[in-house]
Amino acid sequence: MTRNPRRGAHVVALLLTLALWRTPAGAAAPVAGTALLPSPKRMEARPGRLLLVRAGPPERRGCRVVAGPEAGYAAEVIAARLGVPVHAAPAAGELAVRLRTDAQAPFAAALSRDARPEAYCLEVTDQGVEILAVAPEGLLRAAATLLQLLRTEEGAVAVDRVTITDWPDFRFRCAADWLINVECNRWSYDWGDGYPATLARIRRKLDQCFAYKINQVWFDGFGWDTQRSEGYAQLMRECAAAARQRGIRLTFAGYGGGYGIAYQPSELYRTRYFGQTFFNRTPYPDGPEYACRGMRSGLEISRRYGTCLCNEGLAQAKLEEMCRFAAEVEPGFMYIHDIDSGTLSQSVAGWRMRCGACRERWPSDGLADPRGWPAPWPGGSAASGANWTA
């Protein structure tokens, strides 16, 4: 593929994502000379800086990172930046960057379920830096903040004397321009220079996401075929592992029904579907085809394409394909796309086309009726039943 020319889109995507971890009105301004992105919820600035690390070899730098195994990448990235080791305990005469978790941390007591996993408190004291988070993911967000606070001069590292308490407004904040073809396919970061170079580039982009607390990437699609290209599953697994280490979830997309790429000719669908296209058949898989749910009038063909919700054999075959993909790729998210109806009215119309067996099982035409549509999220901007699994 060629290099993605949409540089402006990257800036817009970053700004939109930062807005999802936004600062409430009245929040404290950063220390002079310190611009934190995204800005923290609460920040108390005190005069001066703490000389955290002296210039010289590691054994004379006068600092260590103190953390348990739960700190993982957060401890590693801080230690690498400071040029000091990670230890399980502090040492006399040394400053410490201490990382801890406490599920009952008082500062997070009133936070919502979605805010708590990434909530943290960071305080610079005379003894070093204290970081407390509700969960390990919060340590990652605190590490990203600390890296922005650090100032290096002639080999020494200092940090502003601040106390920061922070959490997001939205649980997931997605970088959405990694694919050229909307949510479907065509990597913007595959420049045709081979597996190692692509993986290295992805890691650098994930580092950028980590730095600005972007914790989801719309990564690849469209379909659940793990053999679409040589080495695909291994490359995706390595990318997903690198993302997970940084507290980032890679999102992969494919059909759970409808398979519009198979019968809707357009530039959007110029590439083939990367997965198995299923058909409504009874008995499954070798019986005759039959029509069930589908698209608006004029696309009668859509009713053939794996749309029946009461066909147990069909459902099992779909699940086996998705489970195989999940096992081989280890994705952070799977976006499971249903019929390509883009409005609620189209979803209603499609549901009314259901087969006799579906109508007997779910007799109501109402999407909100317990006796009607069985999917957990009917409607939506992209599909009549788009499901997310993490």
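What share of the 390 residues in the chain is buried? Buried residues make up 50% of them. The legends below refer to a predicted model.

**Figure 1. Overview of the predicted chain.**
Eight helices and 15 strands make up the secondary structure of the chain. Among contacts with a separation of 6 or more, 71% are between residues 24 or more positions apart. The accessible surface comes to about 17800 Å². Carbon and sulfur atoms hold 56% of that surface.

**Figure 2. Close-up of the largest nonpolar core, centred on Leu99.**
This core has 94 residues. Leu99 is one of those with the most contacts inside it. Also in that group are Leu52, Ile78, Leu82, Val97, Leu122 and Ile131. Which residues does Leu99 touch, not counting those up to four places away in sequence? They include Val65, Val66 and Ala67, then Glu70, Ala71, Ala74, Ala75 and Ile78. Ile131 and Leu139 also touch Leu99. A second core, separate from this one, has eight residues. Ala108, Leu111, Ala119 and Val134 are among them.

**Figure 3. Close-up of the largest cavity and its lining.**
How many cavities of 30 Å³ or more does a search of the whole structure find? The search finds one. The volume of the largest cavity is about 70 Å³. Its lining includes Trp178, Trp187, Ser188 and Tyr189. Thr198, Ile202, Phe219 and Met236 also line the cavity. By class, the lining has six nonpolar residues, two polar residues and no charged ones. Rolling a probe the size of a water molecule over the atoms shows where empty space is left.

**Figure 4. Close-up of Thr145 and Lys213, two residues in contact.**
Thr145 sits in helix H3, which covers residues 136-149. Is Thr145 buried or exposed? Thr145 counts as buried because its relative accessibility is 3%, and buried means under 20%. Beyond its neighbours within four places in sequence, Thr145 contacts Leu36, Tyr120, Ile164 and Lys213. Lys213 lies in the loop between helix H4 (195-211) and S12. Its relative accessibility is 1%, so Lys213 counts as buried too. The backbone of Lys213 has a positive phi of about 60 degrees, although this residue is not a glycine.

**Figure 5. Close-up of Glu330, a residue with a positive phi.**
Where is Glu330 found? The loop between H6 and strand S14 (333-337) holds this residue. Glu330 is not a glycine, yet its phi is positive, at about 55 degrees. Glu330 counts as partly exposed because its relative accessible area is 36%. Most residues other than glycine have a negative phi, and most peptide bonds are trans.

**Figure 6. Close-ups of two cis peptide bonds, one ending at Phe222 and one at Pro283.**
Which residue does a cis peptide bond join to Gly221? Phe222 is the partner, and omega is about 5 degrees. Phe222 lies in the loop between strand S12 (216-220) and helix H5 (232-245). The other view shows the bond from Thr282 to Pro283. This peptide bond is cis, with omega near -5 degrees. Pro283 is in the loop that runs between strand S13 (249-255) and helix H6 (312-329).

How values were computed:
Residues numbered from 1 in each chain as written. Predicted model: local features only at pLDDT ≥ 70, side-chain atom pairs only at ≥ 80, totals over all residues. Heavy atoms only, no water. Helix = DSSP H or I, 4+ residues; strand = E, 2+ residues; numbered from the N terminus. Buried < 20%, exposed > 50% of the residue type's maximum accessible area, 1.4 Å probe, protein only. Contact = heavy atoms within 4.5 Å. Areas by Shrake-Rupley, 256 points an atom, 1.4 Å probe, with all protein chains shown as cover. 1 Å grid on protein atoms, 1.4 Å probe; cavity = no way out; pocket = protein on both sides within 12 Å on 5 of 7 lines; lining within 4 Å. Points joined across faces, edges and corners; volume = space filled by probe spheres on them. Nonpolar A, V, L, I, M, F, W, Y, C, P; charged D, E, K, R; others polar. Core = buried A, V, L, I, M, F, W, Y, C linked by side-chain atoms within 4.5 Å.
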